[in-house]
Amino acid sequence: MGFSEIVGSVSHHLREEMLSSRVVHAYLLTGPAGTGKRTLADICARALCCQSQGERPCDACPSCRQFLSGNHPDFIRVKPEKSIGVDAVREVIARLSVKPYEADRHVVVIEQADKMTAQAQNALLKTLETPPGQDVFFLISTQITALLPTIISRCRVVRFHYLETREAEAALKARGLTEERARLLARLSQGSVGRALELDASEGWWQLRDRTLAALTALHEKQDVGVAAFPLAEKREQANDILDILELCARDLMVIQDGGGDVIQTDIEEKLRQQRFTGSAMLSGVMEARRMLSSNVAWQSALEMLYYKMVGG
Ligand SMILES: [Zn+2]
């Protein structure tokens, strides 16, 4: 996969940069999760070491193939377990002091760079400013405020954003999803392609949504609350996911009932239309349930309260 498969202006900008002589020593890719930071950092790394005379990365030359199999000797990836300590940074610096084996530079990608301890960030400072040779760093971060200002000032900052739904849909189609699935996922993920792909692969999420919908269908009046709560009450560890799903359904119900806007979950629109309670009652129930959970009320009680609210109890 190359720059052209990644939709959006950031990809275009980084491509120009990598293929020009303007490459700097350190890039800081920042923005919300699921916006393509790591994917693009990897593409940049391959482009910088690619041996092709044509479009880079070519994903076919020996260098690209080594990258793709995870064995490029001049590529260093750092990711946190809980944090990134000073030892991990010193190890990177030591590797940079050895001449690159194959490419004419090392490329370092530091994932979740904001997880570097202050000591680790300090250890990195000097190398970031004047790394050996043509070495290039890519720091990836969702929380730029956790980085020392001195680190940030040594990097060229590239900001990532969620795509417009339409762009996300195109990006998903380019990855082989059908048009219908791409449209649904682009909306569900609100333009986060990473989140959309995660949802696409997550059978558990779709099963949970089916269960949640089934529980709603079983809910007609106050007497049903216990029965309707039962299948979800045992899913305490998925309480937040269930509330997210209910919030999404409430939002779609409000669109259906009040008109205006587009239904996000077009695949279950018919089922939603059959529900007899209002989206707004459901939404206020969801918000109340979130408050209850955060003050340690039992999940089953929060869920039952939500259902009572929905049936007007
Ligand atoms: Zn190549």
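**Figure 1. The surroundings of the buried residues of helix α11.** In this predicted model, the buried residues of α11 pack against three other helices, namely α10 (203-217), α12 (239-258) and α15. The buried residues in question are V225, A228, A229 and L232. When the helix is viewed down its axis, these buried residues fall within an arc of 95°, so they line one face of α11. A general property of helices helps in reading this view: an α-helix has 3.6 residues a turn, so residues three or four places apart point the same way. On the face of α11 turned away from the buried side, the exposed residues G226 and V227 are found.

**Figure 2. The packing of helix α11 on helix α15.** Helix α11, which spans residues 225-233, packs with helix α15, which spans residues 299-310, at an angle of about 135°, and their axes are 9 Å apart. An angle of this value lies neither over 145 degrees, where helices count as roughly antiparallel, nor in the range of 65 to 115 degrees, where they count as roughly perpendicular, and α11 and α15 are therefore oblique to each other. The crossing in which α11 passes α15 is right-handed. On the α11 side, the contact is made by V225, A228, A229, L232 and A233, and these meet W299, Q300, L303, E304, Y307 and Y308 on the α15 side. Sorted by class, the residues of this contact comprise nine nonpolar, one polar and one charged.

**Figure 3. A loop residue with positive phi before helix α15.** The residue N296 sits in the loop between α14 (279-294) and α15. Although N296 is not a glycine, its phi is positive, at about 65°. Is N296 buried or exposed? N296 has 6 C-beta neighbours inside 10 Å, and a residue with 12 or fewer is classed as exposed, so N296 counts as exposed.

**Figure 4. The buried residues of helix α8 and their cover.** In helix α8, which runs over residues 179-188, the buried residues are A182, R183, L184, L185 and A186. Among the elements that cover these buried residues are α7 (165-174) and α9 (193-201).

**Figure 5. The crossing of helices α8 and α9.** The two helices α8 and α9 pack at an angle of about 120°, with a separation of 8 Å between their axes. They are therefore oblique to each other, and α8 passes α9 in a right-handed crossing. In the contact, L185, A186 and L188 of α8 meet A196, L199 and D200 of α9. By class, this contact holds five nonpolar residues, no polar residues and one charged residue.

**Figure 6. The residue Q190 just after helix α8.** The loop between α8 and α9 is the place of Q190, a residue that comes just after α8. Its phi is near 50°, which is a positive value in a residue other than glycine. Q190 has 15 C-beta neighbours inside 10 Å and so counts as partly exposed.

**Figure 7. The cis peptide bond at P57.** The peptide bond that leads from R56 to P57 is cis, and its omega is near -5°. P57 itself belongs to the loop between α2 (37-49) and α3 (62-68).

**Figure 8. The buried loop residue C155.** The loop between α6 (149-153) and β5 (156-159) contains C155. How many C-beta neighbours does C155 have inside 10 Å? There are 22 of them, and C155 therefore counts as buried. If its neighbours within four places in sequence are left aside, C155 is in contact with A26, Y27, L28 and L139. The C-alpha atoms of C155 and V92, two residues that are 63 apart along the chain, are separated by 17 Å.

**Figure 9. The whole protein, as a setting for the close-up views.** The secondary structure of the protein comprises 15 helices and five strands, and its C-alpha atoms fill a box of roughly 75 × 40 × 30 Å along the principal axes. The protein has 313 residues, of which 36% count as buried. Among the contacts between residues at least 6 apart in sequence, 68% join residues that are at least 24 apart.

Terms used
Residues are numbered from 1 along each chain as its sequence is written. This is a predicted model: local features need pLDDT of at least 70, side-chain atom pairs count only at pLDDT 80 or more; totals for chains, interfaces and linings use all residues. Axes are lines fitted to C-alpha atoms, for helices over the stretch in contact, and angles run from 0 to 180 degrees between N-to-C directions. Helices (H or I, at least four residues) and strands (E, at least two) are DSSP runs, numbered from the N terminus. Angles under 35 degrees count as roughly parallel, over 145 as roughly antiparallel, 65 to 115 as roughly perpendicular and the rest as oblique. A crossing is left-handed if the near helix is turned anticlockwise from the far one by less than a right angle, and right-handed if clockwise. Two residues are in contact if their C-beta atoms, placed from the backbone, lie within 7 Å. Ala, Val, Leu, Ile, Met, Phe, Trp, Tyr, Cys and Pro count as nonpolar, Asp, Glu, Lys and Arg as charged, and the others, Gly among them, as polar. A residue is buried if 20 or more other C-beta atoms lie within 10 Å of its own, exposed if 12 or fewer, and partly exposed in between; C-beta atoms are placed from the backbone. The arc is that of the directions from the helix axis to the C-beta atoms.
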